[in-house]
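Subject: The structure I promised you

Hi,

Here is the structure we talked about. Have a look at it first, then read my notes below.

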Amino acid sequence: MIFRQLFHRISSTYTYLLAERQGGEALLIDPVLENTAQYVRLIEELDLKLVLAVDTHIHADHITALGALRDQTGCASAMGDMTRAECVSIQFREGEKLQVDNLNLDILYTPGHTDDSYSLLLPDRVFTGDTLLIRGTGRTDFQNGDPAAQYDSLFGKLLKLREETLVYPAHDYNGMTVSTIGEEKRHNPRLQVSGKQAYINQMNALELDNPRLMDIAVPANHACGALAAA
Ligand code: FE
């Protein structure tokens, strides 16, 4: 498998490039508009054909490259069926698979950070978006975020995966690149709670500023990153 973890410095976003083999089809997860040229160049260098770009949820801190990649490469764009983004060509739902050559990604619906948050699962790794971060979890205070739903997504779905499963989140702000389910169960401070209500209380007690780009990024991302021509 070809696997690359790419980083957008300003928003601390991780973008993942996946392909089964050189010369084959490729998938990008959570691409950032400003890095589009870098992705296109890397895909060419690795002799890949981009067939699909996926966002795990509507991002509030950066503008997605889904529209730009569609325009430049002709790839399909995908989000989960709970999304309000009408620009995507594929809407997936839990229980379905995304297939790129012989790579099959299982879809898990993992709301809580937003109500349109999904995780993508391969046999040895999971892309958790902002549901599960390394030693953290995504905030639940905007975009229909819901700490109770996030608790269910975490404890009912993600933490039930095999302990060795590698965890690749959509962001890291502390220089961490990868974790495992077992490591997060034991060492993620947000997960050391007595139950659902304690988790909800913990999340509701966070007082966070809105992301700097939120008022621009959210509406733009509803259009796959196409900027309003106002
Ligand atoms: Fe997010």
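**What I found**

Let's start in the middle of things, with a pair of neighbouring strands: E9 (residues 118–121) and E10 (residues 125–129) pair in the antiparallel sense, with 2 bridges between them. Before I go on, keep in mind that this is a predicted model.

**The hairpin and its turn**

E9 and E10 are joined by a hairpin of 3 residues. Across the pair, Leu120 has Phe127 in E10 as its bridge partner, and Leu121 stands opposite Val126 in E10.

Pro123 sits in the loop between E9 and E10. Is Pro123 buried or exposed? Pro123 is exposed, with a relative accessible area of 68%; the cut-off for that label is over 50%. If you click on Thr165 as well, you'll find its C-alpha atom 7.8 Å from that of Pro123, although the two residues are 42 apart along the chain.

**The sheet around E10**

Now zoom out a little. E9 and E10 belong to an open sheet of 6 strands, in the order E7-E8-E9-E10-E13-E14, and the pairing is mixed. Strands E7 (97–100) and E14 (179–180) are at the edges with a single partner strand each, so one side of each has no neighbour in the sheet. As a reminder from class, strands of a sheet pair through backbone hydrogen bonds, and they can be parallel or antiparallel.

You can see both kinds here. E10 and strand E13 (residues 166–169) run parallel and are joined by 4 bridges. Arg125 has Leu166 in E13 as its bridge partner, while Val126 stands opposite Val167 in E13. So Val126 is worth a click: it faces Leu121 in one pairing and Val167 in E13 in another. One step further along, E13 and E14 pair in the antiparallel sense over 2 bridges, and there Val167 has Ser179 in E14 as its bridge partner.

How many of the 5 residues of E10 are buried? The count is 5 of the 5, so E10 is largely enclosed by the rest of the structure. In a regular strand, side chains alternate between the two faces of the sheet. In E10, both faces are covered: Arg125, Phe127 and Gly129 are buried on one side, and Val126 and Thr128 are buried on the other.

**The iron ion**

Next, follow E10 to its end and look for the metal. Which residues are the protein donors of the iron ion? They are His57 (NE2), His113 (NE2) and Asp130 (OD), and they lie 2.0 to 2.3 Å from the ion. Written as a sequence pattern, the spacing of these donor residues is H-x55-H-x16-D. His57 and Asp130 link distant parts of the chain, 73 residues apart. His57 is in the loop between strand E4 (49–54) and helix H2 (66–73), and Asp130 is in the loop between E10 and strand E11 (132–133). Both His57 and Asp130 are buried.

**The largest pocket**

The largest pocket has a volume of about 570 Å³. It is lined by 29 residues, and the ones nearest its centre are Asp61, Arg139, His171, Tyr173 and Pro211. By type, the lining divides into 11 nonpolar, 11 polar and 7 charged residues.

**Two backbone angles to check**

Two residues other than glycine have a positive phi value: Ser12, near 55 degrees, and Cys224, near 60 degrees. Ser12 is in the loop between strand E1 (2–8) and strand E2 (13–19), and Cys224 is in the segment after helix H6 (214–222). Ser12 is buried, with a relative accessible area of 13%, and Cys224 is buried too, at 1%.

**The whole protein**

Finally, step back and look at everything. The protein has 6 helices and 14 strands, and buried residues make up 57% of its 230 residues. The C-alpha trace spans about 50 × 45 × 30 Å along its principal axes. A compact globule with 230 residues would have a radius of gyration near 17 Å, and the protein agrees with that, at 17 Å.

Have fun exploring!

Note on methods
Residues are numbered from 1 along each chain as its sequence is written. This is a predicted model: local features need pLDDT of at least 70, side-chain atom pairs count only at pLDDT 80 or more; totals for chains, interfaces and linings use all residues. Side-chain values use heavy atoms; hydrogens and water are left out. On a 1 Å grid over the protein atoms alone, a cavity is a set of points where a 1.4 Å probe fits but cannot get out, and a pocket is an open set with protein on both sides within 12 Å along at least five of seven lines; lining residues have an atom within 4 Å of a point. Grid points are joined across faces, edges and corners, and a volume is the space filled by probe spheres set on the points. Ala, Val, Leu, Ile, Met, Phe, Trp, Tyr, Cys and Pro count as nonpolar, Asp, Glu, Lys and Arg as charged, and the others, Gly among them, as polar. Two strands pair if DSSP finds at least two bridges between them. Donors are N, O and S atoms within 2.8 Å of the metal (3.2 Å for Na, K and Ca); water is not among the atoms, so sites may look incomplete. Buried means under 20% relative accessible area, exposed over 50%, partly exposed in between (1.4 Å probe, protein chains only). The radius of gyration is taken over C-alpha atoms; the globule rule is 2.2 Å times the number of residues to the power 0.38.
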